[in-house]
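Subject: Structure handover, pockets and cavities

Hi,

Here is the structure I promised to pass on. My notes on the empty space in it, and on two of the helices, follow below.

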Amino acid sequence: MTRAVLFDLDGTLLDTLPDIHFVLNETLKRFSYPQLTVKQTLAYIGEGAFRLVERALPPHADNIQAFFEEFKNVYAACENTNTRVFDGIDGLLVRLKAQGVKIGIVTNKPQEATEACVKRFFPDVFEFVGGDSGNFPCKPDPSLAQYAALSLRVPFEECVFVGDGETDAQTAINAGIKGVSVLWGYRTREQLEQAGATRFASTVNELENFLKNA
């Protein structure tokens, strides 16, 4: 029985790639560094903002921390005008809540940017919203996911972790929580299988059916 569902954010609930790309290039421009393509940004995301920054900076950069702080400031000020909710997600969340299932977010996105996205796209929907606040290691470390389950007062075995990335599949494994990888996000099935994923949903309907029977 599924009593709680923990969702990744970027690539799972929201298509945030256009705004992440914009914020990253805006920060690179402020430091006079070369711009990145969307394809490069897509390849670099998934392991948290600091890893994104490390990958985006040219090899000679020696100011990673200053760049990272500026990136967070730019992202916090971003209005997410190019971000959209994936089709079918709003309805799924409404139905889960109506069934009494607790829902939370566990993401590597900086906490302030996470809260801004949730406030804009999912006001008063989630019972737990956890991003990179510095209090827990980033995924695939299981600490934040386990803390979310404990906060929701649901045993790990009655939780499901839903994400689109390698780190999400690994987080579910590391946390002892059932995981399902969605295929409408930023990674291919092959990439996810290489990370250890074994359950997949190509559509929101497939995801909902899995959650009903998990």
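**Helix α8 and its surroundings**

Right after α8 comes Gly-176, which has a positive phi, near 70°. Before going on: this is a predicted model, so to speak, with local features needing pLDDT of at least 70 and side-chain atom pairs counted only at pLDDT 80 or more, while totals for chains, interfaces and linings use all residues. Residues are numbered from 1 along each chain as its sequence is written, and side-chain values use heavy atoms, with hydrogens and water left out.

Element names come from DSSP runs numbered from the N terminus (helices are H or I with at least four residues, strands E with at least two). In α8 (166-175), the buried residues (under 20% relative accessible area, 1.4 Å probe, protein chains only; exposed is over 50% and partly exposed in between) are Thr-167, Asp-168, Ala-169, Thr-171, Ala-172 and Ala-175. Their cover, counted by contact (heavy atoms within 4.5 Å), includes β4, α7 (143-152), β6 and β7.

**Helix α4**

Does the length add up, and what should α4 span? With 14 residues (64-77) at 1.5 Å a residue, 20 Å is expected (1.5 Å times one less than the number of residues), and the end C-alpha atoms are 20 Å apart, which agrees. Phe-67, Phe-68, Phe-71, Val-74 and Tyr-75 are buried in this helix. Seen down the axis, the buried residues of α4 fall within an arc of 125° (taken from the directions from the helix axis to the C-beta atoms), so they line one face. Among the elements covering them are α1 (17-30), α3 (49-56), β4 (102-110) and α6 (111-121).**Pockets**

Rolling a probe the size of a water molecule over the atoms shows where empty space is left. The search ran on a 1 Å grid over the protein atoms alone: a cavity is a set of points where a 1.4 Å probe fits but cannot get out, a pocket is an open set with protein on both sides within 12 Å along at least five of seven lines, and lining residues have an atom within 4 Å of a point. Points are joined across faces, edges and corners, and a volume is the space filled by probe spheres set on them.

The largest pocket holds about 380 Å³. It is lined by 26 residues, with Asp-10, Ile-45, Gly-46, Glu-47 and Gly-48 closest to its centre. Two or more lining residues come from each of α3, α4, β4 and α8. By class, the lining has nine nonpolar, seven polar and ten charged residues (Ala, Val, Leu, Ile, Met, Phe, Trp, Tyr, Cys and Pro are nonpolar, Asp, Glu, Lys and Arg charged, the others, Gly among them, polar).

The second largest pocket is about 160 Å³. Its lining includes Phe-68, Lys-72 and Tyr-75, and α4 gives the most to it, with five residues.

**Cavities**

There are two cavities of 30 Å³ or more. The largest cavity, about 60 Å³, has Val-106, Thr-107 and Asn-108 among its lining residues, and β4 gives the most, with three residues.

The second largest cavity has about 30 Å³ of space. Asp-168, Ala-169 and Ala-172 are among the residues that line it, and these three are also on the buried list for α8.
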